[in-house]
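Please read this note alongside the coordinates. It takes up a pocket, a surface patch, some salt bridges and one contact between distant parts of the chain.

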Amino acid sequence: MPSLKSNRVLQHPGEAKSDERRFESKVNVPENNRRTLIDLLNARLSDTIDMQTQAKFAHWNVKGEDFYQLHLLFDSIAEHVENAVDLIAERVTALGGRANGTARQVAANSSIEEYDLNVMHGMDHVRALLKSLASVANASREGIKQCATLGDDATADVFTEIVRAADKDIYFLQSHLQGGNTTYGH
Ligand SMILES: [Fe+2]
């Protein structure tokens, strides 16, 4: 999916990467690969924090006859995404990097699209969240492959755990739009 914007992994706008402090790590991954992995993880950290705020936005603002179940579902998705955020950020620091997760860093670096702020009704929120979560999951899925080429099975495992949880939530969201007895389409 082109939305990955993989080149952006190595280009954090507004950041002088060479000046960014890195810490010693006994993790046995070659230094150059560690830098790339840290950049990759920080790119996905931005996406994932952005995603968490979008799920909360949906949780707070959803309206309509399905309000209560969607209010709960969106909050459970936000919790799962928050778990992913922590996994990614702490993998950055385990590799000796700085976890770039302030709101401003995330706004500058996220590769997912901004949520449609005009969305109000339940299934429209489902569709909007599905789109964002699929972008996040697919970017992390790509991360698994990138880690394989960088010789870091442990970071690949972090991404695998994240993708597995996100895919389940994608299924939960998408099931609302399927079944044939709906006017909401695919
Ligand atoms: Fe709440």
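The points below go through these features in turn.

1. Status of the model. This is a predicted model, and the values in the following points should be read as computed from it.

2. The second largest pocket. The volume of this pocket comes to about 200 Å³. Its lining is made up of 14 residues. Those that lie nearest the centre are His80, Ala84, Ile162, Ala165 and Ala166.

3. Where the lining comes from. Three helices each supply at least two lining residues of the second largest pocket: α2 (67–94), α4 (122–149) and α5 (153–175). Helix α5 provides the largest share, with six residues. By character, eight of the lining residues are nonpolar, three are polar and three are charged.

4. A nonpolar patch on the surface. Phe67, Tyr68 and Leu72 together make a nonpolar surface patch of about 310 Å². Tyr68 belongs to helix α2, one of the helices that also contribute to the pocket lining in point 3. Is Tyr68 buried or exposed? Its relative accessible area is 54%, and the cut-off for exposed is over 50%, so Tyr68 counts as exposed.

5. Salt bridges, and a buried pair. The structure has nine salt bridges. One of them joins the side chains of Arg91 and Asp152, at 3.2 Å from N to O. Arg91 is in helix α2, while Asp152 is in the loop between α4 and α5, so this pair ties together parts of the chain that are 61 residues apart in sequence. Both partners are buried, that is, each has under 20% relative accessible area.

6. A salt bridge inside one helix. Arg127 and Asp124 also form a salt bridge, with 3.4 Å between the closest N and O atoms. How far apart are Arg127 and Asp124 in helix α4? They are three residues apart, which means a separation of about one helical turn. Both are partly exposed: Arg127 has a relative accessible area of 25%, and Asp124 has one of 36%.

7. A salt bridge between two helices. In the pair Arg141 and Asp167, the closest N and O atoms are 2.9 Å apart. Arg141 sits in helix α4 and Asp167 in helix α5, so the bridge ties together parts that are 26 residues apart in sequence. The relative accessible area is 32% for Arg141, which is partly exposed, and 29% for Asp167, also partly exposed. Elsewhere, Glu31, Arg34 and Arg35 are joined into one network by salt bridges that share partners.

8. A buried serine in α4. Ser135 is a residue of helix α4. Why does Ser135 count as buried? Its relative accessibility is 14%, and buried means under 20%, so Ser135 falls within that class. In sequence, Ser135 and Asp47 are 88 residues apart. In space, the C-alpha to C-alpha distance between Ser135 and Asp47 is 8.7 Å.

9. Points to check by eye. Helix α4 recurs in this note: the helix supplies residues to the pocket lining, holds both Arg127 and Asp124, and contains Ser135. A view centred on His80, Ala84, Ile162, Ala165 and Ala166 shows the residues that lie nearest the centre of the second largest pocket.

Notes
Residues are numbered from 1 along each chain as its sequence is written. This is a predicted model: local features need pLDDT of at least 70, side-chain atom pairs count only at pLDDT 80 or more; totals for chains, interfaces and linings use all residues. Side-chain values use heavy atoms; hydrogens and water are left out. On a 1 Å grid over the protein atoms alone, a cavity is a set of points where a 1.4 Å probe fits but cannot get out, and a pocket is an open set with protein on both sides within 12 Å along at least five of seven lines; lining residues have an atom within 4 Å of a point. Grid points are joined across faces, edges and corners, and a volume is the space filled by probe spheres set on the points. Helices (H or I, at least four residues) and strands (E, at least two) are DSSP runs, numbered from the N terminus. Ala, Val, Leu, Ile, Met, Phe, Trp, Tyr, Cys and Pro count as nonpolar, Asp, Glu, Lys and Arg as charged, and the others, Gly among them, as polar. Patches are made of residues with over 30% relative accessible area and no salt bridge: like charges are joined within 9 Å, nonpolar side chains (Val, Leu, Ile, Met, Phe, Trp, Tyr) within 5 Å. Accessible areas come from the Shrake-Rupley method with a 1.4 Å probe; for residues, only the protein chains shown count as cover. A salt bridge is a side-chain nitrogen of Lys or Arg within 4 Å of a carboxyl oxygen of Asp or Glu. Buried means under 20% relative accessible area, exposed over 50%, partly exposed in between (1.4 Å probe, protein chains only).
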